[in-house]
Amino acid sequence: MPVSFASQVTVPSNVLFRQLDQEAVILNLDSELYFGLDAVGTDMWRALTSSDSIERAYDNLLAEYDVAPEALRGDMEELIDKLVAEGLLAVTEA
């Protein structure tokens, strides 16, 4: 089920984020699972974790990147779904 863009994401306390140049690594300390992000994924992570809603992060990224709105929305939904499934992000419903 797609996540509501009115929701907010938070980083669980057992998750570490480290940026290395333009890329990043996210580590779940409990499961020892790590996830690598490319430059765009890193920008999405930063926007998502610093915004008061997924919609605001989406708007900020849409202003920054030359991308079709539907493509960005789909990419964000896919990334959020993967990170939530692995316990690397939590979604708080609005």
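Is F5 buried or exposed in this predicted model? With a relative accessibility of 6%, F5 counts as buried, and the views below begin with this residue.

**View 1. The edge-to-face pair of F5 and Y58.** The structure holds two aromatic pairs. In the pair made by F5 and Y58, the ring centres are 5.8 Å apart and the planes stand at 75°, so the arrangement is edge-to-face, given that planes over 60 degrees apart are classed in this way. This pair links distant parts of the chain, since F5 belongs to the segment before strand 1 (8-10) while Y58 belongs to helix 2 (residues 54-64), with their positions 53 residues apart. Y58 likewise counts as buried, at 6% relative accessibility.

**View 2. The stacked pair of F17 and W45.** The rings of F17 and W45 form an aromatic pair that is stacked, with 5.2 Å from centre to centre and 5° between the planes. Here too the pair links distant parts of the chain, for F17 lies in strand 2 (residues 15-20) and W45 in helix 1 (residues 39-50), 28 residues apart. F17 has a relative accessible area of 16% and is buried, and W45, with a relative accessible area of 4%, is buried as well.

**View 3. R73 and the rings of F5 and Y58.** This view returns to the rings of the edge-to-face pair, F5 and Y58, and adds R73, whose charged end sits over the ring of F5 at 4.1 Å from its centre. R73 also lies over the face of Y58, where the distance to the ring centre is 4.5 Å.

Note on methods:
Residues are numbered from 1 along each chain as its sequence is written. This is a predicted model: local features need pLDDT of at least 70, side-chain atom pairs count only at pLDDT 80 or more; totals for chains, interfaces and linings use all residues. Side-chain values use heavy atoms; hydrogens and water are left out. Rings of Phe, Tyr and Trp (its six-membered ring) pair if their centres lie within 6.5 Å; planes under 30 degrees apart count as stacked, over 60 as edge-to-face and the rest as tilted. Helices (H or I, at least four residues) and strands (E, at least two) are DSSP runs, numbered from the N terminus. Buried means under 20% relative accessible area, exposed over 50%, partly exposed in between (1.4 Å probe, protein chains only). A charge sits over a ring if NZ of Lys or CZ of Arg is within 6 Å of the ring centre and within 35 degrees of the ring normal.
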